[in-house]
Amino acid sequence: MAKKFLDRFSVFDLIIIALVSALGIATKPIVVPLVHIITGPLFIPGGAVAGGFYMFWIVLGAGLVKKTGTGTLIGLVQGILVTATGTMGTHGIMSIVSYTLPGIVTEIVFLFSKNKNYNILHYVFACLAANVTGTLISNILFFRLPFVTVILILSAAALSGTAGGLIGYTIIRSLEKMNILEN
């Protein structure tokens, strides 16, 4: 079954998926401390705010490959990378869940397109949904914060996800203008 799923991707697609997954994991330890400089004094969890700036890699990968299953595969690869290397906290095997679900949500948003013609709303809503999902799952699995706090954090995650989606869209459009990608 896994072989049949992977057969829809070319070797080039799988390389893009691997690179985007690795970049998403590699940027997280850089982005989170920078965001904590601003969010720490305000007592806002930095992960929710920083999330849009590393979740956008999932959205970017889905926009580059344009095949069903890309977002899910990127999230799964990220979850496996984090679990195998132990780089992002001590969440263990649950990291696979908390990284894969944002990929699945990204996938769902991109399904609402005609002939894989994604527009700015696809990128914005995909990244927004991925970041809100990641933040919510992290709260459910690890933090269990009070309801009002969760609503505030999810609002910050939505705002950050919107910014990440805009970044992803801008990168894709720039690549298309340079004739690196097809329109």
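**Pockets, a cavity and helix α6 in a predicted model**

In this predicted model, the lining of the largest pocket divides by class into 16 nonpolar residues, 14 polar residues and one charged residue. The volume of this largest pocket is about 600 Å³, and among the 31 residues that line it, those closest to its centre are K28, G47, Y54, S138 and F143. Several helices contribute to the lining of the largest pocket, since at least two residues each are supplied by α2 (11–39), α3 (46–65), α5 (94–111), α6 (120–143) and α7 (147–177).

The second largest pocket has a volume of about 310 Å³, and of the 13 residues in its lining, G63, L64, V65, L181 and E182 lie closest to its centre. Two or more residues of that lining come from each of α2, α3 and α7. When the lining of the second largest pocket is sorted by class, seven residues are nonpolar, two are polar and four are charged.

Enclosed space is the next topic. Rolling a probe the size of a water molecule over the atoms shows where empty space is left. A search of the whole structure for cavities of 30 Å³ or more finds one, and the largest cavity has a volume of about 50 Å³. Its lining is made up of A62, K66, K67, T68, T70, G71, E107, F110, L111, K116 and Y118, with α4 (70–85) and α5 as the elements that give two or more residues. Of the elements, α5 gives the most to the lining of this cavity, namely three residues. By class, the cavity lining holds four nonpolar, three polar and four charged residues.

Two residues that line the cavity, F110 and Y118, also belong to an aromatic cluster, in which ring pairs link F110, Y118, Y123 and Y169. Across the structure there are seven aromatic pairs. One of them joins F142 and F143, whose ring centres are 6.4 Å apart and whose planes meet at 75°, an angle over 60 degrees, so that this pair is classed as edge-to-face. How exposed are these two rings' residues, F142 and F143? F142 has a relative accessibility of 24% and therefore counts as partly exposed, whereas F143, with a relative accessible area of 52%, is exposed. F143 is also one of the residues closest to the centre of the largest pocket.

Helix α6, which spans residues 120–143, can be followed from one end to the other. At its start, a side-chain oxygen of N119 comes to within 2.8 Å of the backbone nitrogen of L121. The helix has 24 residues and reaches 33 Å from its first C-alpha to its last, which is close to the 34 Å expected at 1.5 Å a residue. Just after α6, R144 adopts a positive phi of about 50°.

The path ends in helix α7, where I151 has its place. Is I151 buried or exposed, or does it fall in between? With a relative accessible area of 39%, I151 lies between the limits of 20% and 50%, and it is therefore partly exposed. I151 and S10 are 141 residues apart along the chain, and their C-alpha atoms are separated by 41 Å.

Definitions and conventions. Residues numbered from 1 in each chain as written. Predicted model: local features only at pLDDT ≥ 70, side-chain atom pairs only at ≥ 80, totals over all residues. Heavy atoms only, no water. 1 Å grid on protein atoms, 1.4 Å probe; cavity = no way out; pocket = protein on both sides within 12 Å on 5 of 7 lines; lining within 4 Å. Points joined across faces, edges and corners; volume = space filled by probe spheres on them. Helix = DSSP H or I, 4+ residues; strand = E, 2+ residues; numbered from the N terminus. Nonpolar A, V, L, I, M, F, W, Y, C, P; charged D, E, K, R; others polar. Expected span 1.5 Å × (residues − 1). Polar contact = N/O pair within 3.5 Å; in protein donor to acceptor, adjacent residues only side chain to side chain. Phe/Tyr/Trp six-rings, centres within 6.5 Å; stacked < 30°, edge-to-face > 60°. Buried < 20%, exposed > 50% of the residue type's maximum accessible area, 1.4 Å probe, protein only.
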